[in-house]
Every structure is written in C-alpha cells, then in structure tokens.
Amino acid sequence: MAAPLGVGLIGAGNISDQYLTNLTRFPDVRVLAIGDVVEDRAREQAAKYGVPEAGGVDTVLDHRDIEIVVNLTIPAFHVEVSESIIAAGKHVWTEKPIGVDRESSLRLLQRADAAGLRVGVAPDTVLGPGVQTAKRAIARGDIGRPLFAQTSFQWQGPELFHPNPAFLYAIGGGPLLDMGPYYVSALVHVFGPVAAVAALGLRGSDSRVVQVGPLSGEEFPVEIPSTVSVLLQFEEGGQAQSLYSTDSPLLRHGVVEITGTEGTMVIPDPNTFGGPITITRPLAEAVVPPAPVVQQTIEVSQEGVLAGRGLGVLDMGRAIREGRPHIATGQFGYHVLDTLLSIEESVESRQFVPVASTVDAVGSLPADFDPFAATL
Ligand SMILES: NC(=O)c1ccc[n+]([C@@H]2O[C@H](COP(=O)([O-])OP(=O)(O)OC[C@H]3O[C@@H](n4cnc5c(N)ncnc54)[C@H](O)[C@@H]3O)[C@@H](O)[C@H]2O)c1
C-alpha cells in the first residue's frame with residue numbers, strides 16, 4: 001500500500017497538541033480521527049488541527065482507514081486502551097510507560113504478536129537528533145569505552161504547569177515512572193540493557209496542591225516516592241547513577257553526563273529532541289597550584305532534522321511499509337518499565353534487584369532520516 005499512513009489518536013489531553021502539531025505536518029501521515037471519553041475535547045482538538053472526524057473511542061477504533069492508533073490516555077489506562085486497539089486490528093503507538101504493571105504489559109505484547117500487529121512505545125525523544133548524534137559519536141569511539149553515566153531530574157513538580165496533575169503522583173506516576181522513561185531509554189540506547197538496580201526513595205509530603213487551571217487550590221494525595229536515588233548496572237558492564245526528585249526547589253533537570261575512558265560527553269535533555277552536545281577531554285598536563293584547571297571542551301555537531309513528538313509513530317509507520325523493525329519497540333518499552341518497577345522494588349526492599357527482562361540490539365535512525373520528506 002503506497003499511500004500516507006492513516007493515523008488516529010485516543011486521548012485529546014495536554015500532550016495531544018504536540019503530537020497533532022507534528023503528525024499533521026509529516027507528509028507520510030494523515031491524521032483521520034481523534035477519540036476521547038470526553039468527546040467534546042476530541043472535537044475541539046480535531047477542529048483546531050483540521051482532523052476530519054472526532055468523537056468517542058469507537059470513532060477511532062472503527063475507522064477503516066486508520067492503521068496506527070496513538071494512545072495518549074493516562075498511564076493507568078494505557079494497557080486497556082492499547083489492547084482495545086489491537087483487538088480492532090490496528091497497530092499501537094502508546095505514550096509511556098507501556099503500562100503500570102508487568103503482567104498486563106506482557107499480555108499486551110503477546111496479543112499484539114499473535115495478531116501480527118506492532119507496538120511502539122514512547123519516548124521518541126531518544127530518536128531525535130540529540131540522543132541519536134550522541135549515540136553515533138559514542139559508537140565510533142569519541143569518548144573511548146563508556147564507563148558510567150550520571151543523570152539528574154530534580155525540581156519542584158509538574159503541578160506547576162499541569163492543570164490535572166494528580167495522576168503524576170499516583171501509582172504509575174511520580175518522577176520515576178513519569179520521567180524515568182526518558183533517562184532510562186537514553187541510557188539503554190548508549191549502554192544496552194539494564195542487569196540490576198539499587199535505589200533509595202522518600203516522600204517529601206503526603207499531599208500536593210494543584211497550582212494552575214480550574215482545579216487550582218485542590219489537594220490531592222502523593223502515592224509514590226517523590227525523590228528516588230538510583231544505581232543501575234548494565235549487562236555489558238557500564239554503570240549509572242540517577243536522581244529523580246519533585247521535592248527540590250533547585251531546578252536541575254535534563255542532565256545526562258556520560259563518561260568514557262577518553263572523555264565526558266554531556267548530551268541534551270532526553271525529554272527534548274536535540275540540543276548542544278559537548279565532550280570534555282582529560283587534562284593533557286599536570287596542574288600545579290595555584291595554576292587554574294583549564295578544561296578542554298569541544299562541541300559535537302548535531303546531525304539530523306529536528307521534529308518532535310510523533311517521530312516514533314512515523315518511524316514505526318515507515319518500518320511497517322518497508323518491512324523492517326522499528327526502533328522504539330514494545331520489547332524496549334517493556335524493559336524500561338521492568339527496570340523502573342525493579343527500582344521501586346529496590347526502594348521497598350533496600351536490596352539490589354535483578355532486572356529480569358532484556359532487549360535485543362537497539363536500532364538507530366540514519367542521520368539523513370527526514371520526517372518532512374514524502375516517502376510513502
Ligand atoms: N503532559 C505532558 O507534558 C506529557 C509529556 C510527555 C508524555 N506525556 C504522557 O502522555 C499521556 C497523557 O498525558 P496528558 O498530560 O496528555 O494527560 P491528560 O490528563 O491531559 O489527557 C489524557 C486524556 O485521555 C483521556 N482518557 C483517559 N482515559 C481514557 C480512556 N480510557 N479512553 C479514552 N480517553 C481517555 C482523558 O479524557 C484526557 O482527555 C501520559 O501517559 C503522559 O505520561 C505527557
């Protein structure tokens with residue numbers, strides 16, 4: 001079938017603007033319908049982005065020209081909605097995490113396999129020019145052999161911008177499950193699968209208050225640890241330490257530093273699609289005080305076309321047409337979830353927890369991948 005991909009969306013909330021902005025600009029994609037339990041929300045978004053049909057979930061599931069459905073519901077409903085998409089005979093792209101428990105997430109993957117349908121899992125930020133350029137540079141040896149990484153996501157919390165933030169502090173949310181997918185995905189792209197984890201966690205307060213929108217002032221419970229300190233051991237030998245916190249007045253997020261035998265690379269925020277990439281080299285000479293330490297830092301030029309959310313849907317759609325694997329697979333998304341749940345278990349048990357799942361060699365996008373080209 002050589003025609004643009006028919007795509008539908010389920011979930012017309014906060015993040016749907018970013019998806020719709022991009023998917024409606026990719027020549028290989030046609031967004032044909034939007035569905036939401038709140039049907040007016042779907043209609044509003046459809047009118048805003050010129051999408052021809054909108055209504056309830058069935059508007060999307062029953063649409064005969066839709067091949068891929070993008071699941072933008074909240075985490076607690078991800079598996080249920082993804083399974084209904086598979087049952088309707090369509091491929092799924094789901095927002096992260098793939099689910100909130102291992103059992104139902106694996107069942108989804110098995111059902112998709114049995115039906116010969118694909119599952120793709122966010123984040124697709126790691127397919128952007130930032131992480132992909134860094135990955136290519138590391139693979140060609142620009143920092144020598146990768147040894148360890150340090151990442152930081154710390155700030156005050158998403159109630160500062162999200163009008164309906166309770167789900168971000170409920171089971172399946174928290175800085176770990178909400179933001180961990182970006183950092184763990186970037187690390188798995190560079191270091192390969194995670195073998196074991198150890199972590200400590202705490203809850204800064206038992207409730208929070210909505211800060212913006214019509215629910216402002218409303219209190220909601222914090223069900224998860226809001227600060228988690230993590231150690232990761234990768235199967236192939238690398239290590240990482242990561243902080244995830246929504247208890248920190250100091251904003252220090254998007255920090256990913258990867259140290260190898262010949263340099264430390266700072267890569268862009270893995271919750272963005274690109275940005276500056278630098279490598280700091282080892283000092284060439286001994287430093288004798290009071291001489292200052294002058295570090296040599298070089299910039300790696302970023303390769304590729306910057307787009308945004310929807311990139312993974314496009315890669316999966318083109319891969320389906322070309323009969324090749326896509327990059328952000330269900331297996332990858334499951335490994336990330338398994339790692340994050342293992343971290344939560346380590347917080348509880350105060351023990352190292354082995355990560356049972358793994359992931360096959362993780363693909364990369366070619367440097368000349370152009371989302372704005374018409375290829376289908
Ligand atoms: N908001 C962000 O900045 C952001 C960024 C990246 C990823 N995400 C992810 O995107 C997903 C959605 O987040 P959001 O911020 O847009 O949430 P949201 O609450 O703003 O929107 C979710 C939408 O899904 C609808 N919905 C919920 N359950 C449904 C169901 N069973 N069937 C049909 N519709 C249903 C809701 O009515 C709502 O319109 C989450 O998984 C989140 O982790 C959000």
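**The ligand site, the cores and the open sheet**

A polar side-chain atom of His78 lies 2.9 Å from an oxygen atom of the ligand. I begin with that contact, and I should say at once that the model is predicted. The backbone takes part as well: a polar backbone atom of Asn14 is 2.9 Å from an oxygen atom of the ligand, and a backbone N or O atom of Val37 lies 3.4 Å from a ligand nitrogen atom. Taken on its own, the ligand has 820 Å² of accessible area, and the protein covers 88% of that area. Around the ligand there are 25 residues, of which Asn14, Ile15, Asp36, Arg41 and His162 come nearest.

I turn now to the nonpolar interior. The largest nonpolar core holds 66 residues, and the members that touch the most others are Leu232, Ile258, Met265 and Ile343. Which helix gives the most to this core? Helix H7, residues 174-191, does, with 11 residues. A separate core of 31 residues lies apart from it, with Val29, Leu314, Met316 and Ala328 among its members.

Leu232 deserves a closer view. Beyond its neighbours within four places in sequence, Leu232 contacts Leu187, Val194, Ala196 and Val197, then Gly238, Gln239 and Ala240, and finally Thr339 and Ile343.

Next, the sheet. It is an open sheet of 9 strands with mixed pairing, and the order runs S16-S15-S14-S13-S7-S12-S11-S8-S17. Why is one side of S16 and of S17 left without a neighbour in the sheet? Strand S16 (297-300) and strand S17 (353-354) stand at the edges and each has a single partner strand, so one side of each remains unpaired in the sheet. Elsewhere in the sheet, strand S11, residues 227-234, pairs with strand S12, residues 239-245, in the antiparallel sense over 7 bridges. Within that pair, Ser229 stands opposite Leu243 in S12.

My last residue is Leu147, in strand S7, which spans residues 146-154. Is Leu147 buried or partly exposed? Its relative accessible area is 33%, so Leu147 counts as partly exposed, the buried class being under 20%. Leaving out residues up to four places away in sequence, Leu147 touches Phe191, Gly238, Gln239, Thr259, Gly260 and Thr261. Gly238 and Gln239 are also among the contacts of Leu232. Finally, Leu147 and Glu262 are 115 residues apart in sequence, while their C-alpha atoms are 9.9 Å apart in space.

Terms used: Residues are numbered from 1 along each chain as its sequence is written. This is a predicted model: local features need pLDDT of at least 70, side-chain atom pairs count only at pLDDT 80 or more; totals for chains, interfaces and linings use all residues. Side-chain values use heavy atoms; hydrogens and water are left out. A nonpolar core is a set of buried Ala, Val, Leu, Ile, Met, Phe, Trp, Tyr and Cys residues joined through side-chain atoms within 4.5 Å. Buried means under 20% relative accessible area, exposed over 50%, partly exposed in between (1.4 Å probe, protein chains only). Helices (H or I, at least four residues) and strands (E, at least two) are DSSP runs, numbered from the N terminus. Contact means heavy atoms within 4.5 Å. A residue is near a molecule or strand if one of its heavy atoms lies within 4 Å of it. A polar contact is a pair of N or O atoms within 3.5 Å; within protein, one must be able to donate a hydrogen and the other to accept it, and residues adjacent in sequence count only if both atoms are side-chain atoms. Accessible areas come from the Shrake-Rupley method with a 1.4 Å probe; for residues, only the protein chains shown count as cover. Two strands pair if DSSP finds at least two bridges between them.
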